[in-house]
Amino acid sequence: MLLRTAILLSLLAPALPGNAQSYNVSAETVVVRLAYHTTYAVDWADSRYPNVCLALYRGGYYRLSRMTIDGGETLQGRISENQLRRVAKMAEGLRPQTGDGGLLYRGAESFAAEVVRGGNRLSYLWVDADHRQPFPSAASNMVEWLQNFKAEGAFPLELRELSEQPICPAASEKWLQSDLASLAR
C-alpha cells in the first residue's frame, strides 16, 4: 500500500500548487489517525471511498488522503472545534476487537485507528472478512464519519510535506502477524 501511495503521489506531484498554505505539525500534536480500506468493488454512486486515511491534530488541522473515482487526492485543512471534540469523543469509545479472522473468500474491510489518550498512543485494528465480523459500533461510527467527511475549504497537500508526518496509522508487524495467524487457523 505504501508503494502504491508513493507512486500515486509522484504522479500527482506536478499538479500540486507550490504556494499552498502549510502548517507546522509534529507527532506530539496528533489526536487521531484513521484508515479505512475495502477490497470489495466500489459503487461510486454512493460516494464511498475504498481507501481513506486521515490524521487529525490538536487545533483541528487535518491531513487527508483518499482514493476517488478520478484517482487519489491528498488534502489538508481545518475542522471546527465542535467537529474536533466530536471525533475525540467517538475515539474514546474505541476498544480492541475480539474474535478470529477466518478465511477470506470475497473481500474484506479494515479500519485502523491510532488514538492519543492521556499521552499514550493506542493502536487498534478491526477486520471484517466477508461481512462475517462487523466492526463494533464505536468503530462503525468512526468509519461512517470518515466516509462522509467533507473536506470543505481544503487545499492540496504538497509532496514535500508528506514526508514530515504520516497520514495513515502505522501498520504494525505484530498486527500483520496476528492477522495471518488467525487466518491460518
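How many bridges pair β1 and β2, and in which sense do the two strands run? Seven bridges, in the antiparallel sense. The views below start from that pair and work outwards; keep in mind that this is a predicted model.

**Figure 1. The open sheet holds seven strands.** Going across, the order is β6-β5-β1-β2-β3-β4-β7, with antiparallel pairing. At the edges sit β6 and β7 (155–156), each of which pairs on one side only. On the β6 side, β5 and β6 run antiparallel and are joined by 10 bridges. If you want a landmark there, look for Val116, whose bridge partner in β6 is Arg121.

**Figure 2. Strand β1 (residues 30–38) has a paired strand on either side, β5 and β2.** Towards β2, the pairing is antiparallel over seven bridges; Tyr36 and its bridge partner in β2, Val52, make a handy marker. Towards β5 (residues 108–117), β1 is again antiparallel, joined by seven bridges. Here the pair to look for is Val32 and its bridge partner in β5, Val115. Strand β1 is also mostly covered, with eight of its nine residues buried.

**Figure 3. Helix α3 lies across four strands of the sheet: β1, β2, β5 and β6.** The helix runs at about 85° to β1. Within α3 (residues 137–147), the buried residues are Ala138, Ala139, Met142, Val143, Trp145, Leu146 and Gln147. A bit of helix geometry helps when reading that list: an α-helix has 3.6 residues a turn, so residues three or four places apart point the same way. The cover over the buried residues of α3 includes β1, β2, β5 and β6 (120–129), along with helix α2 (81–92).

**Figure 4. Arg33, Glu114 and Arg121 are linked in a network of salt bridges.** Start with Arg33 and Glu114, whose side chains meet at 2.7 Å, N to O. Arg33 belongs to strand β1 and Glu114 to strand β5, so this salt bridge ties together parts that are 81 residues apart in sequence. Both ends of this pair are out of the way: Arg33 is buried, with a relative accessible area of 3%, and Glu114 counts as buried too, at 7%. Now follow Glu114 to its other partner, Arg121, where the two side chains meet at 2.9 Å, N to O. Unlike buried Glu114, Arg121 counts as partly exposed, at 42% relative accessibility. Arg121 is also the β6 bridge partner of Val116.

**Figure 5. Asp130 and Arg132 make another salt bridge.** Their side chains meet at 3.1 Å, N to O. The two ends sit in rather different surroundings as far as accessibility goes: Asp130 counts as buried, at 4%, whereas Arg132 is partly exposed, at 43%. In total, the structure holds five salt bridges.

**Figure 6. One disulfide is found in the structure, and Cys53 and Cys168 form it.** The sulfur atoms are 1.9 Å apart. The link is right-handed, with 95° about the S-S bond. The two cysteines come from distant parts of the chain, 115 residues apart: Cys53 is in strand β2 (residues 51–57), while Cys168 is in the loop between α4 (159–162) and α5 (173–184). As a reminder, a disulfide is a covalent bond between the sulfur atoms of two cysteines. The Cys53 end is buried, with a relative accessible area of 3%. The Cys168 end is partly exposed, with a relative accessible area of 29%.

**Figure 7. Confidence varies along the chain, with a mean pLDDT of 75 for the protein.** Of its residues, 67% reach 70 or more. Two stretches to treat separately are residues 1–22, where the pLDDT is below 50, and residues 172–185, where the pLDDT is also below 50. Beyond near neighbours in sequence, residues 1–22 have 24 contacts in the model. Counted that way, residues 172–185 have 13 contacts.

Methods: Residues numbered from 1 in each chain as written. Predicted model: local features only at pLDDT ≥ 70, side-chain atom pairs only at ≥ 80, totals over all residues. Heavy atoms only, no water. Disulfide = S-S within 2.5 Å. Buried < 20%, exposed > 50% of the residue type's maximum accessible area, 1.4 Å probe, protein only. Pairing = 2+ DSSP bridges. Contact = heavy atoms within 4.5 Å. pLDDT = per-residue confidence, 0-100. Axes fitted to C-alpha atoms, helices over the stretch in contact; angles between N-to-C directions. Salt bridge = Lys/Arg side-chain N within 4 Å of Asp/Glu carboxyl O.
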